[in-house]
Amino acid sequence: MSLVLDSSATLAWIYAEEITVSIHKVFTALEENGAWVPTHWPLEVANVLEMGVRRGRHDAAFRDATLADLALLPVSVDPHTPREAWGTTLRLAEHHRLTLYDAAYLELAKRLHLPLATLDHDLSVAARAEGVIVVGQN
């Protein structure tokens with residue numbers, strides 16, 4: 001079964017010191033079944049990697065190699081995220097006090113009836129309240 005992948009789960013896989021057994025299982029499932037992401041996911045992940053370069057966590061070569069590796073994964077970008085932004089996503093953000101960025105992951109998981117891979121506590125709580133299965137946490 002496919003899943004919705006958020007940036008927190010993605011970044012935990014990227015940085016070896018943050019990977020867990022649960023995140024490893026998420027990426028094994030992703031490689032076998034693919035994943036869906038909202039349209040802002042590439043920007044969000046690339047931004048964290050760029051900030052890592054600027055702050056000296058890693059170099060530009062690591063950033064570029066990581067983005068190249070991510071581009072090889074069977075990840076589909078949802079084309080309908082913008083259509084939902086000012087409606088369903090906004091209502092989820094308001095109801096659960098999430099950022100719209102996080103609410104977009106929740107909206108996508110609900111709409112596609114897929115589990116959500118996240119390490120974000122507030123997003124996990126909101127997802128469970130909405131009946132979405134959460135994976136990636138220990």
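Modeller: A residue is called buried under 20% relative accessible area, exposed over 50% and partly exposed in between, using a 1.4 Å probe and protein chains only. This is a predicted model, where local features need pLDDT of at least 70, side-chain atom pairs count only at pLDDT 80 or more, and totals for chains, interfaces and linings use all residues. Residues are numbered from 1 along each chain as its sequence is written, and side-chain values use heavy atoms, leaving out hydrogens and water.

Colleague: Thanks! Why is L49 called buried?

Modeller: Its relative accessible area is 0%, and the limit is under 20%, so L49 counts as buried. L49 sits in helix α3, residues 41–54 (helices are DSSP runs of H or I with at least four residues, numbered from the N terminus).

Colleague: And why is H58 called buried?

Modeller: H58 has a relative accessible area of 11%, which is also under 20%, so the word fits. H58 lies in the loop between α3 and α4 (60–71).

Colleague: What makes the H58 side chain and the backbone oxygen of L49 a polar contact?

Modeller: They come to 3.4 Å. A polar contact is a pair of N or O atoms within 3.5 Å; within protein, one must be able to donate a hydrogen and the other to accept it, and residues adjacent in sequence count only if both atoms are side-chain atoms. The distance is therefore inside the limit.

Colleague: Which residues does H58 touch, not counting those up to four places away in sequence?

Modeller: Y15, L49, G52, V53 and R63, where contact means heavy atoms within 4.5 Å.

How values were computed: Helices (H or I, at least four residues) and strands (E, at least two) are DSSP runs, numbered from the N terminus.
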